[in-house]
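Work through the exercises below with the model open. Each task is followed by a solution in steps.

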Amino acid sequence: MKASVKWLDRVAFVGESGSGHAMVIDGAPDAGGRNIGPRPLEAMLIGLGACSAFDVVNILRKSRVKFSDCRVEIEAERADAIPAVFTRIHLTFIVSGRRIREQAVERAVDLSASKYCSATAMLRESVEITHEYRIEADPLEEIPDEERREEEKPDR
């Protein structure tokens, strides 16, 4: 795997992956940036979240879980000293759909965190990484006709 980073101006850079995809990374205005891209450590958090979500989605699919959305909210704390490394990272997985089995989501998140996510494996040696999950009903997901009829039956 390869990547490159090229300086644009001020504190802005363009990073290019070996697969040919690019992203702009920039600093905050108070650090001389123009705010035209994520900060370098924000990009690292996004990579961690994407790596974990990649695993969770694949595990849920292999488990034949029907879900309509999966997202990860990431919060991190940094040290006050230089270098201002991450000291704690918390990932919250939100999986949406109808009738999603909680055990399947819990298993997918646990497997990603403990076995499959390469980014988590690299960072966990120096950062406390925690995970949690939530399951949300997807009201926009179409209910099959037979289920709708069952839900509409009055209680007798």
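**Exercise 1: A bridge and its strands**

Find the bridge partner of Asp69 in β5.

Solution. The structure is a predicted model. In β5, Asp69 is bridged to Ser96. The strands involved are β4 and β5 (residues 86–97), which pair in the antiparallel sense over ten bridges.

**Exercise 2: The sheet**

State the strand order of the open sheet, and explain why one side of β4 and of β6 is left without a neighbour in the sheet.

Solution. Step one: the sheet is open, has three strands and follows the order β4-β5-β6, with mixed pairing. Step two: β4 (69–78) and β6 (128–137) stand at the edges and have a single partner strand each, so one side of each lacks a neighbour in the sheet. Step three: ignoring direction, neighbouring strands of this sheet are turned by 15 degrees against each other on average.

**Exercise 3: Helices on the sheet**

Determine which strands helix α1 touches and which strands helix α2 lies across.

Solution. Helix α1 (residues 40–62) packs on the sheet and touches β4 and β5. The direction of α1 makes about 40 degrees with that of β5. Helix α2 (residues 102–116) lies across β5 and β6, and runs at about 155 degrees to β6.

**Exercise 4: The whole chain**

Give the order of elements from the N terminus and the share of residues that count as buried.

Solution. The protein chain has four helices and six strands, arranged as β-β-β-α-β-β-α-α-β-α from the N terminus on. With buried taken as under 20% relative accessible area, 30% of the 156 residues qualify. The accessible surface comes to about 10800 Å², with 53% belonging to carbon and sulfur atoms.

Conventions
Residues numbered from 1 in each chain as written. Predicted model: local features only at pLDDT ≥ 70, side-chain atom pairs only at ≥ 80, totals over all residues. Heavy atoms only, no water. Pairing = 2+ DSSP bridges. Helix = DSSP H or I, 4+ residues; strand = E, 2+ residues; numbered from the N terminus. Axes fitted to C-alpha atoms, helices over the stretch in contact; angles between N-to-C directions. Contact = heavy atoms within 4.5 Å. Buried < 20%, exposed > 50% of the residue type's maximum accessible area, 1.4 Å probe, protein only. Areas by Shrake-Rupley, 256 points an atom, 1.4 Å probe, with all protein chains shown as cover.
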